[in-house]
Amino acid sequence: MFVDEISVEVYGGKGGDGVAIYRREKYVEYGGPWGGSGGNGGSVIFVGDEGKSTLIDLRYMRHIKAKPGERGRTKGQQGASADDTYVRVPLGTVVYTEDKSLKIGEITKHGQELIVAQGGKGGRGNIALATHRNPAPDYAENGDPGVYRKIIVELKVLADVGLIGYPSVGKSTLLSVVSNAKPKIAEYPFTTLHPNLGMVEVGDSSFVLADLPGLIENAHQGLGLGIRFLKHIERCRIFLHVVDLTRDDPYEDYIKINHELEMYDEALLERPQIVVANKTDIPGNEEKLKVLEAKIKHPLVSISAHQRKEVDKLLYLTLETLKAAPSVEEKTPVYVKNYTLESEEPDFIITRQEDGSFDLTGNKLKLIFERTDFTKDEAVKRFARQLRSMGIDEALRKEGAKNQDTVRIFTYEFEFID
Ligand SMILES: Nc1nc2c(ncn2[C@@H]2O[C@H](COP(=O)(O)OP(=O)(O)OP(=O)(O)O)[C@@H](O)[C@H]2O)c(=O)[nH]1
Ligand SMILES: [Mg+2]
């Protein structure tokens with residue numbers, strides 16, 4: 001089965017907590033801070049692997065978790081950082097956020113790495129937190145949580161040449177006679193349900209040929225096997241457009257398939273196309289072939305895939321065309337923004353509740369919140385200072401906060417003091 005889109009949950013490992021302990025020295029009450037920082041959590045990383053051709057492995061690991069970092073140790077030693085968790089994926093893998101509004105990245109090369117869930121940073125121990133003002137803090141930072149997200153992993157078939165055309169015109173038959181691929185061939189439409197790839201050798205050169213499911217009118221609106229497969233077509237550098245001479249009007253077929261390409265993305269019309277008039281072994285269609293030759297604007301080769309007639313001629317023309325063809329620009333659909341730090345939400349968001357209290361949320365705020373050990377007074381004071389330096393006090397005042405108003409930060413509540 002060909003898997004081309006899958007949803008997976010990925011979890012970066014939590015950073016190890018820092019520790020707050022003191023050095024013990026004889027006759028010295030406080031020997032100074034001695035707590036090490038926590039190690040970083042592991043990240044979940046996808047790696048390109050040219051030996052893989054499907055996403056089937058991911059189907060068996062719906063939740064991918066990286067390991068947490070170790071707690072800080074005594075004697076100022078840092079806890080060990082966790083190893084990253086690597087997942088090998090085929091080239092052409094694209095990763096999106098859950099709703100597909102953001103593209104996290106894409107793997108196109110062997111060995112290329114993409115972090116899909118970053119591990120959390122280790123929390124600082126009390127040695128690292130010591131400052132001029134407070135040389136012996138009795139608190140430490142908690143480790144940051146790792147990134148958790150649901151992602152959509154998508155694979156587009158990477159092929160140089162794509163076979164397109166109506167169902168049953170002989171696309172799979174052609175692939176089967178020019179490569180080692182063994183696609184299913186039958187006389188009913190939609191025999192091919194997923195793309196088949198074959199390596200085609202021509203003289204000293206070779207190219208990857210993709211046999212794609214048949215297209216029909218309004219495929220761009222989802223009819224037949226629809227858009228799911230039009231998107232595979234996008235990446236082919238050239239098309240072999242197979243038309244069946246035994247059908248009523250092969251020229252009309254040619255026009256309609258090109259119209260489908262245009263409706264999906266008009267740039268596809270610019271791509272080199274060779275028209276392959278198939279089934280010349282069946283007599284009585286010579287007139288239709290002549291009409292095609294006269295009317296179409298693309299080069300044409302007539303063959304019998306079944307009898308492998310004139311197939312070599314087609315392969316040489318394909319190779320020549322491929323060599324001259326521009327490489328395909330990877331383009332991101334307009335509605336998909338590339339993932340950047342700016343796409344993250346602001347540091348904090350203030351919402352006024354109906355009862356007049358204030359709710360504070362936001363990614364950066366959450367991070368500072370999670371780092372804080374609220375059982376320690378000093379740590380809480382430090383948290384308050386951090387809020388002030390982020391401009392939260394100022395912003396609250398602007399939103400109309402007054403003395404003794406309630407402010408809520410996740411699970412923590414306090415009174416605003418002007
Ligand atoms: N006579 C003749 N029959 C052919 C030729 N090429 C393919 N066929 C037949 O046409 C039918 C459809 O062939 P397929 O290769 O499965 O067609 P397809 O384009 O892959 O069809 P879908 O996968 O449904 O899109 C089969 O019965 C083939 O045997 C040919 O050159 N001559
Ligand atoms: Mg087929």
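# Notebook: sheets, helices and a ligand shell

**Entry 1: the β17 neighbourhood.** I started with strand β17 (residues 358-361), which pairs with strand β18 (residues 406-409) in the parallel sense over three bridges. A reminder to myself: this is a predicted model. I looked up the partners in β18 and found Val-407 as the bridge partner of Phe-358, and Ile-409 as that of Leu-360.

Next I turned to the β16 side. Strands β16 and β17 run antiparallel and are joined by four bridges. Here Phe-358 turns up again, as the bridge partner in β17 of Arg-352. So much for pairing; I also checked the turn. The hairpin of β16 and β17 has five residues between the strands, and Gly-356 takes a positive phi near 90° in it.

Which residues of β17 lie on its covered face, and which on its uncovered one? I noted Phe-358 and Leu-360 on the covered face, with Asp-359 and Thr-361 on the uncovered one.

Zooming out, I see four strands in an open sheet, ordered β16-β17-β18-β19, with mixed pairing. Its edge strands are β16 (349-352) and β19 (412-415), each of which pairs on one side only. On average, neighbouring strands of this sheet are turned by 25° against each other, direction ignored.

**Entry 2: a three-stranded sheet.** I then moved to another open sheet, in which three strands follow the order β4-β2-β7 and the pairing is again mixed. Why is one side of β4 (85-89) and of β7 (113-117) left without a neighbour in the sheet? Both stand at the edges and each has a single partner strand, so there is no neighbour in the sheet on one side of each. I noted an average turn of 30° between neighbouring strands of this sheet, direction ignored.

Inside this sheet I followed one pair. Strand β2 (residues 44-48) pairs with β7 in the antiparallel sense over four bridges. Val-44 stands opposite Ala-117 of β7.

**Entry 3: the β5-β6 hairpin.** Strand β5 (residues 93-97) and strand β6 (residues 102-107) run antiparallel, joined by four bridges. I picked Val-95 and found Gly-105 of β6 opposite. This hairpin has four residues between the strands, and the positive phi I noted there belongs to Lys-100, near 65°.

**Entry 4: ligand 1 and helix α3.** How many residues are around ligand 1, and which come nearest? I have 23 residues on my list, and Gly-170, Ser-172, Thr-192, Gly-214 and His-306 come nearest. Sorted by class, the shell has nine nonpolar, 10 polar and four charged residues. Helix α3 (residues 171-178) gives the largest share of the shell, three residues.

That sent me to α3. The helix is mostly covered, with seven of its eight residues buried. The buried ones are Lys-171, Ser-172, Thr-173, Leu-174, Leu-175, Ser-176 and Val-178. Ser-172 is therefore on two of my lists: it is buried by the cut-off of 20 or more other C-beta atoms within 10 Å, and it is among the residues that come nearest to ligand 1. For the cover over the buried residues of α3, I wrote down β9 (161-164), β10 (196-202), β11 (205-211), β12 (238-244) and α7 among the elements included.

**Entry 5: Leu-319 in α7.** Since α7 is part of that cover, I looked at one of its residues. Leu-319 has its place in helix α7 (residues 311-324). Is Leu-319 buried, exposed or partly exposed? There are 18 other C-beta atoms within 10 Å, and being buried takes 20 or more while exposed means 12 or fewer, so Leu-319 is partly exposed.

Leaving out residues up to four places away in sequence, Leu-319 touches Val-202, Ser-205 and Phe-207. I checked Val-202 further: Leu-319 and Val-202 are 117 residues apart in sequence, yet 7.6 Å apart in space, C-alpha to C-alpha.

**Entry 6: α5 against α6.** At what angle do the axes of α5 and α6 cross? For helix α5 (residues 250-264) and helix α6 (residues 286-295), the axes come within 8 Å and cross at roughly 40°. The two helices are therefore oblique to each other.

I listed the contact residues too. From α5 there are Pro-250, Tyr-251 and Tyr-254, which meet Lys-288, Val-291, Leu-292 and Lys-295 of α6. By class, the residues of this contact divide into five nonpolar, no polar and two charged.

Note on methods
Residues numbered from 1 in each chain as written. Chains lettered and ligands numbered in written order. Predicted model: local features only at pLDDT ≥ 70, side-chain atom pairs only at ≥ 80, totals over all residues. Axes fitted to C-alpha atoms, helices over the stretch in contact; angles between N-to-C directions. Parallel < 35°, antiparallel > 145°, perpendicular 65-115°, else oblique. Contact = placed C-beta atoms within 7 Å. Nonpolar A, V, L, I, M, F, W, Y, C, P; charged D, E, K, R; others polar. Near = placed C-beta within 6 Å. Pairing = 2+ DSSP bridges.
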